[in-house]
Amino acid sequence: SSSGGASGGAIESGGASSGGATGSGGTTGGTTGTAVTGSVPTIAGCTIFPADNPWNTDISGYPLNASSATYLASMSPSTAFHPDWGTVSDEYGIPFSTGTGATPQPLTWTESWGSTESDPLPCPTGSNKFCYPIPLTAPIEGGRSASTDSDRHVLYIDTAGAPNNCTLYELYNAQNPTGSSGWTAANGAIFPLGSNKLRQAGWTSADAAGLPILPGLVRYDEVVAGEIRHAIRFTVSRSQQGFINPATHAAGTANDSLPPMGLRLRLKASFVTTSFSGPTLVILTAMKKYGIILADNGSNWYISGETNQGWASYMDGLVSGLGKVHGSDFEVVDTGAVLKVGL
C-alpha cells in the first residue's frame, strides 16, 4: 500500500493538541450534546453506527487472543495510561463538528494516496470527484495555527438522515481553507453511520488503521452522563504490518510479535476499580466492557478524546487516575485473524 497509512495513519504524539471553533453549518463537538440512547451512542441526534457494530460491541466475554502475552510484551506493559485530550483553550484533543446543508467543498489531496485511498463523492458541478460537505470553518485538530505537518484532523458529521443514516467525514492533515478553494488535505474518508461496511482492504483513512476516529473518542457528555457505550481509541509506538477487522490498513514493520492495527484489548475483570471515581471510573468501566482498539502509531497507551472546555475541572483527576492503570492490566481478546491484504 502507499505510505499513506504510515503517516496518513496520523501519528499521535504525547504532545498532540487540538482546538475547536464553531463551524458554519455545524457546531463544535462537546457543545452539541453527545448522549447515549439505548445501547447505541448518539451525537447531535445521529446514532454512531448500528448496535452490532464492532465499536459498540460488548467484548467482556470474548475469548483471549492466543498471542495476547506476546503482543503485550512488545507494548511497553509497564507504561501507564494517559488521556490524550483537553480543553478548547489548550487546543488539546481531537475536535469534531456537526451540521447539515453545508456546501460541498472540493478537495485537493497533497499525498499520492489521497486520490487512490480516499472515498469519492463527486462535486455537484465540475469534474472533481472528491467534494465533501464539510464547512470551511470546521475545527481543525491543533487549531488553525497548528504546524502544517501535524495531524490536523477534521471530523464532521452531516446530520442529514438522522437518526440512523447520518454521514461521518474525516480528513487527515487538513490545511486552513483559503477563499472558496475548498479543503486541502492528505486524504479523506466517508463513513455512513447507518452501515457496518468496512473500507476496502489495504486502504488507510484519517487513521493508520483505516478506522473512523470519532467513534473511539472519549467524549465529555458521555463521561458526565456516567456511561461510555463504545470502545476507545488508543495508540502504541510500534505495530506490525498487519490488521484485524474492522481495521483495514497497517503502518508497521515486518515483525509479527508486534500488535496489529485493530487489535482489541480489555481491562482485566480482576482489576479492582473500587478506589476510582468520577470520569476515571466511567472510562475504566467502559474498558472492561467495550475495550480499547489500536488505531495508530504514537505514544504508548495514550487514549484519545474530544476537545471540550468542560474537561477543565476534570483533567488533573483523569491524568492522576489513569496514571494508576498500566498496559499489564489489560488482555488481548480474539476478534479475528491478522490480515495483510492490500498492504
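Me: Let's start with the empty space inside. What volume does the largest cavity have?

Reply: Keep in mind that this is a predicted model. A cavity is a space where a probe fits but cannot get out. Here the largest cavity comes to about 110 Å³, and the count is two cavities of 30 Å³ or more.

Me: Which residues that line the largest cavity are the closest to its centre?

Reply: Look for Phe49, Lys197, Leu198, Pro212 and Pro246; those are the closest to the centre, out of 15 lining residues. Sorted by class, the lining has eight nonpolar, five polar and two charged residues.

Me: And pockets? How much space lies in the largest pocket?

Reply: A pocket, unlike a cavity, is an open set of points. The largest pocket in this model holds about 200 Å³. Its lining is made up of Asp119, Ile190, Phe191, Pro192, Ser195, Lys197, Leu198, Arg199, Gln200 and Trp203. By class, that lining splits into five nonpolar, two polar and three charged residues. Notice that Lys197 and Leu198 turn up in the lining of the largest pocket and also by the centre of the largest cavity, among the closest residues.

Me: Ser195 is in that pocket list. What else is Ser195 in contact with? I keep clicking on Asn53.

Reply: Good click. Setting aside neighbours within four places in sequence, Asn53 is in contact with Ser195 and Asn196. You'll find Asn53 in the loop between strand S4 (46-47) and helix H2 (68-73).

Me: Is Asn53 buried or exposed?

Reply: Go by relative accessible area, where buried means under 20%. Asn53 has 5%, so Asn53 is buried.

Me: Now the sheet. In what order do the six strands come?

Reply: Read across the sheet from one edge to the other: S5-S16-S13-S15-S14-S17, an open sheet with mixed pairing. An edge strand pairs on one side only, and here those are S5 (82-84) and S17 (330-332). Neighbouring strands are turned by 40° against each other on average, ignoring direction.

Me: How many bridges join S14 to S15?

Reply: Two, between S14 (residues 264-267) and S15 (residues 292-297), and these strands run antiparallel. To trace one of these, start at Arg264 and go to its bridge partner in S15, Ile293.

Me: Which helix packs on the sheet, touching S14?

Reply: That's H5 (residues 278-289), which also touches S13 (232-236), S15, S16 (302-304) and S17; its direction makes about 125° with that of S14. Then there's H6 (residues 315-322), lying across S5 and S16 and running at about 135° to S5.

Note on methods:
Residues are numbered from 1 along each chain as its sequence is written. This is a predicted model: local features need pLDDT of at least 70, side-chain atom pairs count only at pLDDT 80 or more; totals for chains, interfaces and linings use all residues. Side-chain values use heavy atoms; hydrogens and water are left out. Two strands pair if DSSP finds at least two bridges between them. Helices (H or I, at least four residues) and strands (E, at least two) are DSSP runs, numbered from the N terminus. Axes are lines fitted to C-alpha atoms, for helices over the stretch in contact, and angles run from 0 to 180 degrees between N-to-C directions. Contact means heavy atoms within 4.5 Å. Buried means under 20% relative accessible area, exposed over 50%, partly exposed in between (1.4 Å probe, protein chains only). On a 1 Å grid over the protein atoms alone, a cavity is a set of points where a 1.4 Å probe fits but cannot get out, and a pocket is an open set with protein on both sides within 12 Å along at least five of seven lines; lining residues have an atom within 4 Å of a point. Grid points are joined across faces, edges and corners, and a volume is the space filled by probe spheres set on the points. Ala, Val, Leu, Ile, Met, Phe, Trp, Tyr, Cys and Pro count as nonpolar, Asp, Glu, Lys and Arg as charged, and the others, Gly among them, as polar.
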